[in-house]
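Here is a briefing on one protein chain. Look over the sequence and the fold, then read the points below.

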Amino acid sequence: MSYRISILRRAQKELAQLPVENYERVRDAIRNLASLPRPVGCVKLAGRDGWRIRVGVYRVIYEIDDPGQSITVLNVGHRRDVYD
């Protein structure tokens with residue numbers, strides 16, 4: 001069972017602006033969501049829709065559509081900026 005991953009345009013831009021070494025780690029973490037949409041350490045967000053995973057000091061905010069077997073990445077960014 002594998003989920004389809006889509007990344008919003010703004011999240012694609014945020015991802016592209018990361019330093020190379022962090023980009024690869026975050027990219028791999030997003031890819032892993034396809035097989036495990038709720039990995040160990042993920043958190044259901046309070047105050048807004050979505051889930052969060054931590055990748056070092058970076059955060060990936062995403063929504064899970066279980067019936068549709070899809071994940072939508074909403075934001076990618078440094079922990080101090082991503083929740084704004």
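## Briefing: fold, core and selected residues

Among contacts between residues at least 6 apart in sequence, 51% join residues at least 24 apart. This is a predicted model. The protein holds two helices and five strands. Their order from the N terminus is β-α-α-β-β-β-β. The radius of gyration is 12 Å, close to the 12 Å that the globule rule gives for 84 residues, so the protein is as compact as a globular protein of that length.

**Overall dimensions and surface**

- The C-alpha trace spans about 35 × 25 × 25 Å along its principal axes.
- Of the 84 residues, 40% count as buried.
- The accessible surface is about 5300 Å². Carbon and sulfur atoms account for 48% of that surface.
- Positive side chains number 15, and negative ones 10. The centres of the two sets lie 2 Å apart.

**The nonpolar core**

- The largest nonpolar core has 19 residues. V26, I30, I53, V60, Y62, V73 and V76 touch the most other members.
- Two or more core residues come from each of α1 (9–16), α2 (20–32), β3 (51–55), β4 (58–65) and β5 (70–78).
- Strand β4 gives the largest share, with four residues.
- V60 is among the core residues that touch the most other members. Setting aside residues up to four places away in sequence, V60 touches V26, I30, W51, R52, I53, V55, V73 and N75.

**I30, in helix α2**

- I30 lies in helix α2. Its relative accessibility is 4%, so I30 counts as buried.
- Beyond residues up to four places away in sequence, I30 touches I5, I7, L15, V60, V73 and V76.
- Two of these partners, V73 and V76, are listed with I30 among the core residues that touch the most other members.
- I30 and L8 are 22 residues apart in sequence. Their C-alpha atoms are 13 Å apart in space.

**R52, in strand β3**

- R52 sits in strand β3. With 16% relative accessibility, this arginine falls under the 20% cut-off, so R52 counts as buried.
- Contacts of R52 outside its neighbours within four places in sequence are G41, C42, V43, L45, R59, V60, I61, Y62 and Y83.
- The contact with V60 also appears in the list for V60.

**The loop between β4 and β5, and the start of β5**

- Q69 is in the loop between β4 and β5. Its relative accessibility of 27% makes Q69 partly exposed.
- Most residues other than glycine have a negative phi. Q69 is not a glycine, yet its phi is positive, about 50°.
- S70 belongs to strand β5. At 9% relative accessibility, S70 is buried.
- Apart from its neighbours within four places in sequence, S70 contacts Y3, R4, E63, I64 and D65.

**L8, in the loop between β1 and α1**

- L8 is placed in the loop between β1 (4–7) and α1. Its relative accessible area is 31%, so L8 is partly exposed.
- Leaving out neighbours within four places in sequence, L8 contacts T72, V73 and L74.
- V73 is also in the contact list of I30.
- L8 and L18 are 10 residues apart along the chain. Their C-alpha atoms are separated by 16 Å.

**P39, in the loop between α2 and β2**

- P39 lies in the loop between α2 and β2 (43–44).
- Not counting residues up to four places away in sequence, P39 touches L33, I53 and Y62.
- I53 and Y62 are both named among the core residues that touch the most other members.
- P39 and A29 are 10 residues apart along the chain. The separation of their C-alpha atoms is 9.6 Å.

Definitions and conventions. Residues numbered from 1 in each chain as written. Predicted model: local features only at pLDDT ≥ 70, side-chain atom pairs only at ≥ 80, totals over all residues. Heavy atoms only, no water. Rg over C-alpha atoms; globule rule 2.2 N^0.38 Å. Buried < 20%, exposed > 50% of the residue type's maximum accessible area, 1.4 Å probe, protein only. Contact = heavy atoms within 4.5 Å. Areas by Shrake-Rupley, 256 points an atom, 1.4 Å probe, with all protein chains shown as cover. Lys, Arg positive; Asp, Glu negative; His and termini not counted. Charge placed at Lys NZ, Arg CZ, Asp CG, Glu CD. Core = buried A, V, L, I, M, F, W, Y, C linked by side-chain atoms within 4.5 Å.
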